[in-house]
Amino acid sequence: MRAQEDAGPGKPSGPGKPSGPAAPGGSGTRALSGEPGRRMAADRLRRAILGGDMAPGQRLVEEELAGMLAVTRASLRAALFDLTAEGLVERIPNRGARVRVITLDEAVAITECRMALEGLCAAKAAERVTESAAGRLRQLGEELERAVADGELLKYSALNHELHRLVREISGQAVAAALLERLNGQLVRHQFQLSLRPGRPQASLPEHLAIISAITERRPAEAEAVARRHLRSVIAALLEEKVR
């Protein structure tokens with residue numbers, strides 16, 4: 001599961017075995033090759049990294065992963081290049097590839113970029129929101145409040161993710177949404193650590209409710225301002241880690 005601010009990675013393990021063709025050297029089934037193999041491998045690895053199943057710094061051994069995912073080495077290598085371009089994987093000279101490690105300073109810089117894009121999406125959402133979409137946002141706000149009141153952090157995390165996703169959807173700003181997806185993927189470990197900090201859900205709840213209010217009441221300038229304010233608070237919380 002991935003969230004804008006509250007993501008919950010599990011134990012570092014791997015992308016899991018595919019349900020499709022068997023691995024090379026298996027019972028006669030050929031490994032997936034070419035563009036289909038590349039897309040499948042990239043998708044499986046991306047989900048494993050974003051879900052926290054592969055830890056920052058974890059080595060990505062081509063032969064091992066190709067067998068696990070039942071793709072050719074060439075397709076696996078191409079998938080790793082795609083994920084490197086997305087900022088999820090890094091290639092170390094003479095050492096191969098590993099899940100990219102995002103420093104705290106990088107996390108702050110990425111969140112600063114998110115602030116501009118999230119503000120844009122919130123403003124566009126306020127301009128384009130329909131009655132039906134406004135109803136969905138208000139319902140999410142009520143569910144967020146209940147999750148905090150009941151101390152259900154994982155549920156709050158999922159609702160948080162859904163709120164940000166829905167704002168992007170309502171905005172119709174496909175370019176900004178795609179950029180945000182890429183940026184958010186690089187922050188999963190820092191977001192998870194932040195989500196576990198005592199009092200953080202209680203601090204972010206009114207910020208989320210303010211975003212919902214501004215969008216549903218169709219106030220674009222205010223929606224952008226409160227979205228930016230929310231991301232500034234995330235940056236401040238990240239910076240607190242430096243003095244801990």
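Arginine 218 has a relative accessibility of 37% and therefore counts as partly exposed, since this value falls between the 20% that bounds buried residues and the 50% above which a residue is exposed. In this predicted model, arginine 218 sits in the loop that connects helix H9 (200-216) with helix H10 (220-240), and its phi is positive, near 60°, although the residue is not a glycine.

Alanine 70 is another non-glycine residue with a positive phi, of about 60°, and its place is in the loop between helix H2 (62-69) and helix H3 (73-85). Alanine 70 is buried, with a relative accessible area of 1%.

The accessibilities of the two cysteines are set out below.

| Residue | Relative accessible area | Class |
|---|---|---|
| Cysteine 113 | 43% | partly exposed |
| Cysteine 121 | 0% | buried |

The structure holds zero disulfides.

Helix H1 (residues 34-50) comprises 17 residues, for which a rise of 1.5 Å a residue predicts a span of 24 Å, and the C-alpha atoms at its ends are 24 Å apart, in agreement with that expectation. The buried residues of H1 include Gly37, Met40, Arg44, Leu45 and Ile49. Following H1 comes glycine 52, with a positive phi near 85°.

As for aromatic side chains, a search of the whole structure finds zero aromatic pairs, whereas a contact of another kind involves phenylalanine 81, over whose ring face arginine 91 lies at 4.5 Å from the ring centre.

Definitions and conventions:
Residues numbered from 1 in each chain as written. Predicted model: local features only at pLDDT ≥ 70, side-chain atom pairs only at ≥ 80, totals over all residues. Heavy atoms only, no water. Helix = DSSP H or I, 4+ residues; strand = E, 2+ residues; numbered from the N terminus. Expected span 1.5 Å × (residues − 1). Buried < 20%, exposed > 50% of the residue type's maximum accessible area, 1.4 Å probe, protein only. Phe/Tyr/Trp six-rings, centres within 6.5 Å; stacked < 30°, edge-to-face > 60°. Lys NZ or Arg CZ within 6 Å of the ring centre and 35° of its normal. Disulfide = S-S within 2.5 Å.
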